Structure formats: structure tokens, C-alpha cells
Amino acid sequence: MRHYETDSASAAGRILALSMVVDGNLAPAELRALQRSRLLEYIDIDIDTFHDLVSDLCHDMLSTSVKHEHVVLDETTIDALLGEIHDPELRRELLRAMWSIADADGVLADAEAKLLARACAVWSAESRFVKEEATSLALD
């Protein structure tokens, strides 16, 4: 897999692309969910660049992650992709969009659930993922 600069638009866009293709099917409803999320605007990336990221991701997965004629992303690879996002606010925005994308077609595939669970585990294990206001409310 290629590496992107930490918290870059490319790193964030690839996480969104992964959310869309991880189940092996890029559904039109997922593209609509991405558009509704307005996250591409948030990370300052246009749709053509996003399509290039999807293509690059698929190429990388086919060249590095094929096992027994199936694309299999191991936990280490997923963690490396998630690890390129450090900014807590960007993580929260990405996670919201990832949930919307996964839920868009009405089916939460195992691969989508695993990616979402891993993102929650990796990103919440680090400080400042949860907003301080939410933490203080939970303690009251």
C-alpha cells in the first residue's frame, strides 16, 4: 500500500474509499451518502481526485492483499491506513461518514462492520478522540 502524509486529504479520502469498497461492492447509495456527508468538501478534495484515490486503493489492494483469489486486508494493513489520521476532529468526521456509507445500502456487511469496529478501537485508544464536553457529561 502506498503511504500518504498524516492527516492529508489523500489519507482521509482513502479511508472513505476503503469504506465504500471493503465489502466488494461500490453501491450508488454509498456514493449518495458520501455526497450528503459533504466530507469531500471538508477535506478539500474534488470528486475526480476521490475517484483516483478509489482506483489507486483498488490497485494497491489487488497488488498487495490477494489471498486465495480474494482481497483480504489484514488488521496490520487496516491499522496502518487508519494510523495516517491523527487529528481527533478529522477522525470523528471520518467515522460519521464511514457509518453513513456503511449503512447507505441497508446492509452492514461483515467487512464493513470489521472496518468500523477497528476504526473505533484504534482511534478511541488514543487521547482526545472523545470530545471533552462529552467526557465531562458522562462523569456527571
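## Helices, strands and the overall layout

Helices here are DSSP runs of H or I with at least four residues, and strands are runs of E with at least two, numbered from the N terminus. With that in hand, Ser100 can be placed in helix 6. Keep in mind that this is a predicted model.

The chain has eight helices and two strands. Reading from the N terminus, the order is α-α-α-α-β-β-α-α-α-α. Of the 140 residues, 38% count as buried. Take the contacts between residues at least 6 apart in sequence, and 77% of them join residues at least 24 apart.

## The nonpolar core

What does the largest nonpolar core hold, and which residues have the most contacts inside it? The core has 37 residues, and the ones with the most contacts inside it are Ile15, Leu16, Phe50, Ile85, Leu94, Met98 and Trp123. The elements giving two or more residues to this core are helix 1 (9–21), helix 2 (28–37), helix 3 (39–42), helix 4 (47–64), helix 5 (75–82), helix 6 and helix 7. Helix 1 gives the most, with eight residues.

## Arg14, a buried arginine

Helix 1 is also home to Arg14. Is this arginine buried or exposed? Its relative accessible area is 2%, and buried means under 20%, so Arg14 is buried.

Who sits around it? Setting aside neighbours within four places in sequence, Arg14 is in contact with Met1, Arg2, His3, Tyr4, Leu53, Leu57, Asp60, Leu81 and Glu84. Asp60 and Glu84 are among those contacts, and both count as charged by residue class.

## One cavity

Rolling a probe the size of a water molecule over the atoms shows where empty space is left. For this model, the count comes to one cavity of 30 Å³ or more. The largest cavity holds about 40 Å³ of space.

Its lining is made up of Ser19, Val22, Met98, Ala102, Glu112, Leu115 and Leu116. Helix 6 (88–103) and helix 7 (110–124) are the elements that give two or more residues to that lining. Helix 7 has the largest share, three residues. By class, the lining has five nonpolar residues, one polar and one charged. Met98 turns up in this lining and is also listed among the residues with the most contacts inside the largest nonpolar core.

## Ser100 and the cysteines

Back to Ser100 in helix 6. At a relative accessible area of 36%, Ser100 falls between the 20% and 50% cut-offs, so it is partly exposed. Its C-alpha atom is separated by 9.1 Å from that of Arg36, though the two residues are 64 apart along the chain.

A disulfide is a covalent bond between the sulfur atoms of two cysteines. How many does the structure hold? The number is zero. Cys58 is partly exposed, with a relative accessible area of 27%, and Cys120 is partly exposed too, with a value of 27%.

## Two aspartates with positive phi

Which backbone angle is worth a look at Asp7? Phi is positive there, about 60°, although Asp7 is not a glycine. Asp7 lies in the segment before helix 1, and at 30% relative accessibility it counts as partly exposed.

Asp44 also has a positive phi, near 60°, and is likewise a residue other than glycine. Asp44 is in the loop between helix 3 and helix 4. Its relative accessibility is 68%, over the 50% cut-off, so Asp44 counts as exposed.

Note on methods: Residues are numbered from 1 along each chain as its sequence is written. This is a predicted model: local features need pLDDT of at least 70, side-chain atom pairs count only at pLDDT 80 or more; totals for chains, interfaces and linings use all residues. Side-chain values use heavy atoms; hydrogens and water are left out. On a 1 Å grid over the protein atoms alone, a cavity is a set of points where a 1.4 Å probe fits but cannot get out, and a pocket is an open set with protein on both sides within 12 Å along at least five of seven lines; lining residues have an atom within 4 Å of a point. Grid points are joined across faces, edges and corners, and a volume is the space filled by probe spheres set on the points. A disulfide is a pair of cysteine sulfur atoms within 2.5 Å. Buried means under 20% relative accessible area, exposed over 50%, partly exposed in between (1.4 Å probe, protein chains only). A nonpolar core is a set of buried Ala, Val, Leu, Ile, Met, Phe, Trp, Tyr and Cys residues joined through side-chain atoms within 4.5 Å. Contact means heavy atoms within 4.5 Å.
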